[in-house]
Amino acid sequence: MGATNNIWTAMEANHAKQSHNGNSTFDDHSILHSNLSVDTALPFPLMVPRVIALCKDLFRKWAKLNDSCFFVDTVSGGITNLLLKVSVKEENGEYVSVTVRLYGPNTEYVINRERELQAIKYLSAAGFGAKLLGVFGNGMVQSFINGRTLTPADMRKPKLVSEIAKQLRRFHQVEIPGSKEPQLWVDIFKFFEKASTLQFEDTDKQRTYETISFKEVHKEVTELKELTTLLNSPVVFAHNDLLSGNLMHNDEQEKLYLIDFEYGSYNYRGFDIGNHFNEYAGYDCDYSLYPSKDEQYHFFRHYLEPEKPCEVSEKDLEALYVETNTFMLASHLYWALWALIQARMSPIDFDYLGYFFLRYNEYKKQKRMCFSLAKSHISGSGKA
């Protein structure tokens, strides 16, 4: 994690203390606050001075520095976030860097920011992601991680697969205070309620939207929920969005980072793993890249027994295979309904309506095989 010690000094985080694993933890008083916001619709050159003003407002040590001491670069622009790297030349001539994360407009319709902020403190203390340094009107500031974002192709490399599996197991063991009710079906039905009552100003979009049978979608959601209930998938604190863009790797140190916990919640283990496997398809959504059974078993062995992967029983592998590939279907329904809300609410130029049909059609394509697999496993009449 790049320049973390310097950052903490710059932030004057007097309440920081060392946890058992050597990572800094903190209470609410050490997280800085600003009432400022940064308009994400602004052209980047106009956004930069506002980001600098924000950093000066949050961090007193930087308040009197000349604007020329600040260097702002775009790290990535996702569907729900804009990530900026801010490098600062301090009075002693040394550079420190932070990440400024700007929330996308209208993302409150699909993301519970209060839940995210609650979780991020405990996940950070457990050594996951970047440290939360400050919050402001429409985003947060975190420590900067030195590493590269993985590509979808990286996620299927055996060495990285085993490391992702180990990290995800450890992630699932983090205890977050509050309700431990799994959120999958709560969120899906909330999404359904919003998604099924939309009106589009664009007549072509409205016409396309009206081809969707929400009666059918509701039936599919209900049927899948009933089936997954029979699998008794453990409830864990889940990432829920473990795509390649939310994995970083420092090649020099050979260290993997799980980042961006905005969709994190207590949820079913099978959903988190199945959703991750769906992301092998990449940004082009090529689901022919979904991992084979052998590739999944490699992941499962390192997830279930990180120290002794070869000792995982065939029975345990088959059970997790069925669990994961049933909840994989729920991942398609979740993001399909999410996409409909985004199609109406997001100003980002992306074919969200097309994305709904892509995910929903893939769900229908995989449903028969996955339902048969699950029912056979539940009845004990066959193997995965």
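This section describes the second largest pocket and one helix pair of a predicted model. In this predicted model, local features require pLDDT of at least 70 and side-chain atom pairs count only at pLDDT 80 or more, whereas totals for chains, interfaces and linings use all residues. Residues are numbered from 1 along each chain as its sequence is written, and side-chain values use heavy atoms, with hydrogens and water left out.

The second largest pocket holds about 400 Å³ of space. A pocket is here an open set of points on a 1 Å grid over the protein atoms alone, where a 1.4 Å probe fits, with protein on both sides within 12 Å along at least five of seven lines; lining residues have an atom within 4 Å of a point. Grid points are joined across faces, edges and corners, and the volume is the space filled by probe spheres set on them. The lining comprises 24 residues, with Asn-112, Arg-115, Gln-183, Asp-187 and Ser-265 nearest the centre. At least two residues each come from α3 (113-125), α5 (184-195) and β13 (265-268), and α5 supplies the largest share, four residues. Helices (H or I, at least four residues) and strands (E, at least two) are DSSP runs numbered from the N terminus. By class, the lining contains 11 nonpolar, six polar and seven charged residues (nonpolar: Ala, Val, Leu, Ile, Met, Phe, Trp, Tyr, Cys and Pro; charged: Asp, Glu, Lys and Arg; polar: the others, Gly among them).

Helices α4 (residues 158-172) and α8 (residues 269-278) pack at about 150°, their axes 12 Å apart. The contact involves Ile-164, Leu-168 and His-172 of α4 and Arg-269, Asp-272, Ile-273 and His-276 of α8 (heavy atoms within 4.5 Å). Axes are lines fitted to C-alpha atoms over the stretch in contact, and angles run from 0 to 180 degrees between N-to-C directions. The two helices, α4 and α8, are therefore roughly antiparallel (angles over 145 degrees).

Conventions:
Angles under 35 degrees count as roughly parallel, over 145 as roughly antiparallel, 65 to 115 as roughly perpendicular and the rest as oblique.
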